[in-house]
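Okay, thanks for making it, everyone. I've got one structure for you today, so let's get it up on the screen and walk through its pockets and its sheet.

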Amino acid sequence: MGAHMDPEEFRRNGYAVVDWIADYWTHLGERPVTPAEPPGAVAALLPAGPPEHGEPFDQILADLDLVVAPGLTHWQHPAFFGYFPANTSGPSVLGDLVSAGLGVQGMLWASAPACTEVETVMLDWLAELIDLPQRFRSSGPGGGVIQDSASSATLVATLAALHRASGGRWRGNGVDRRYRVYTSTQAHSSVEKAARIAGLGDDGVRAIEVDPKTLAMRPDLLRAAIEADRAAGDVPAMVVATIGTTSTTAIDPLPAIGELCRAYGLWLHVDAAYAGAAAVCPELRWSHAGIEYADSYCFDPHKWLLTGFDCDAFWVADRAELTGALTVLPEFLRNAATESGAVLDYRDWQVPLGRRFRALKLWFVLRWYGAEGLRAHIRTGVELAGRFADLVRADERFEVVAPHPFSLVCFRLRADAGPDADAHNAELLARVNATGRVHLTHTRVDGRHTLRLAVGAPQTTYREVALAWRLVERTATTLLGGTADGNEPTGAPPD
């Protein structure tokens, strides 16, 4: 042991790994969704230090069953309904395997031409699938790139917005004025983090209140905030609008926001991290009305489009504005292809220099499923969420508290369901999750504790959705002082 793994050893051990993954997926629904062991349990199973001598691969593989799998929250489990989905799939895993095996460094076109060109084409394919405006395609002034996450997309959009708002001074002088970024109170925390990293501080972000019914940003309040900052001598630089907020999947009114950005000269970044995938379905593209106003846009295929983490698709309408903010060219990276201006160097489109061949897994997924298969996956999630919402509405103790255009349902016990409904909702969630049979998360809507059920795992069927509801309603009965029936919820009620 300890020598390099030769190709034949890799072949043999690789087959064993693929078999392990296939078995894991086959029996995933039989596992608890979340582990029952306390913090530190996994670490306690590991030796105190690294081995002096190499170990047999079958021993390493055996520890996946002993150490790793029992300590996981299983995100691919058919009864995982927490957060937003983080899908993977067979073709995605195999694409990642090829990427890891090739081991290329795609910082420049010259360092890995196929890595760059496949990525460019994949982002054009995605732009066509979700019907983005033509100016986001690589054949025009814009184009797309894969970031690791929507958080990174928001950060680089913020930097490009500062570069524009400062007239280019930002690159040399840094933050020399008080710049402002605007977003809704429901926006992702990555907006705040991006402002901190960019040097604006928390005070640089203006949180705009939302409509109490739609939970979407109010354009009238956005306009008022911009006007107030201008009057104070501050520089409005950017608006981050959301299609599908994290808490409730609210959709900000892009047409009205876009008109304001155009009138005041602000950069408009649209964060559709979760809900962008829905636009592969023509009947859901209404959610993207006004996208033509955007200067940048992103969504995560690693959430709801069967492509394993990490893979955020990020587009800009004018790539020169992005690269103008981020380009740094030391002597050791100079090369004839870059200087010709005929290639894209994606190092100029992101914060880090290095980059993996992430486009391979996307290529595999798009080719395996095709547009038809991807639409079927999205439609299944929307349908299952709708059926869960129907179950909630049929129980007078509960309410659905927000629109659910995609595959997330936000619900809770009504305020009149008991003397302390908020505490009951929190306890309800804790008890349901403690069963290990399903996993939900929570948010706050109108200040009240609210449960979230997000559908998206490839193996999820109505059986798991109905099981989740059965656990919820039986637990609620116990909490509210009633008597639940004695039947253990072993599966779905009749379809």
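Which element gives the most to the lining of the second largest pocket? Before I answer, keep in mind that this is a predicted model.

Right, the answer is α1, which puts 10 residues into that lining. If you want to find the spot on screen, look for G14, V17, V18, I21 and L97, which lie nearest the centre of the second largest pocket. In total, 16 residues line it. The elements that give two or more of them are α1 and α4. As for character, the lining splits into 12 nonpolar residues, 3 polar and 1 charged. And the space in there comes to about 330 Å³.

Now on to the largest pocket. Its volume is about 980 Å³, and 43 residues line it. To centre your view, pick W75, Q76, A86, H302 and F309, since those are the ones nearest the middle. Here's one for you: how many residues of this lining are nonpolar, how many polar and how many charged? The split is 18 nonpolar, 20 polar and 5 charged.

So where does the lining of the largest pocket come from? At least two residues each are supplied by α1 (7-26), α4 (90-102), α6 (150-165), α11 (301-304) and β10 (441-445). Once again α1 gives the most, this time with 5 residues. That puts α1 at the top of the list for the largest pocket and for the second largest one.

Okay, let's leave the pockets and turn to the sheet. We have an open sheet of 7 strands with mixed pairing, and the order runs β1-β7-β6-β5-β4-β2-β3. At the edges sit β1 (143-147) and β3 (205-208), each pairing on one side only. On average, neighbouring strands here are turned by 20 degrees against each other, if you ignore direction.

Let me zoom in on one pair. Strand β4, residues 235-242, runs parallel to β5, residues 267-271, and the two are joined over 5 bridges. Which residue of β5 is the bridge partner of V240? That's H269.

Last stop: which helix packs on this sheet, touching β2, β3 and β4? It's α8, residues 190-197, and its direction makes about 165 degrees with that of β3.

That's my tour, happy to rotate the view for anyone.

Notes. Residues numbered from 1 in each chain as written. Predicted model: local features only at pLDDT ≥ 70, side-chain atom pairs only at ≥ 80, totals over all residues. Heavy atoms only, no water. 1 Å grid on protein atoms, 1.4 Å probe; cavity = no way out; pocket = protein on both sides within 12 Å on 5 of 7 lines; lining within 4 Å. Points joined across faces, edges and corners; volume = space filled by probe spheres on them. Helix = DSSP H or I, 4+ residues; strand = E, 2+ residues; numbered from the N terminus. Nonpolar A, V, L, I, M, F, W, Y, C, P; charged D, E, K, R; others polar. Pairing = 2+ DSSP bridges. Axes fitted to C-alpha atoms, helices over the stretch in contact; angles between N-to-C directions. Contact = heavy atoms within 4.5 Å.
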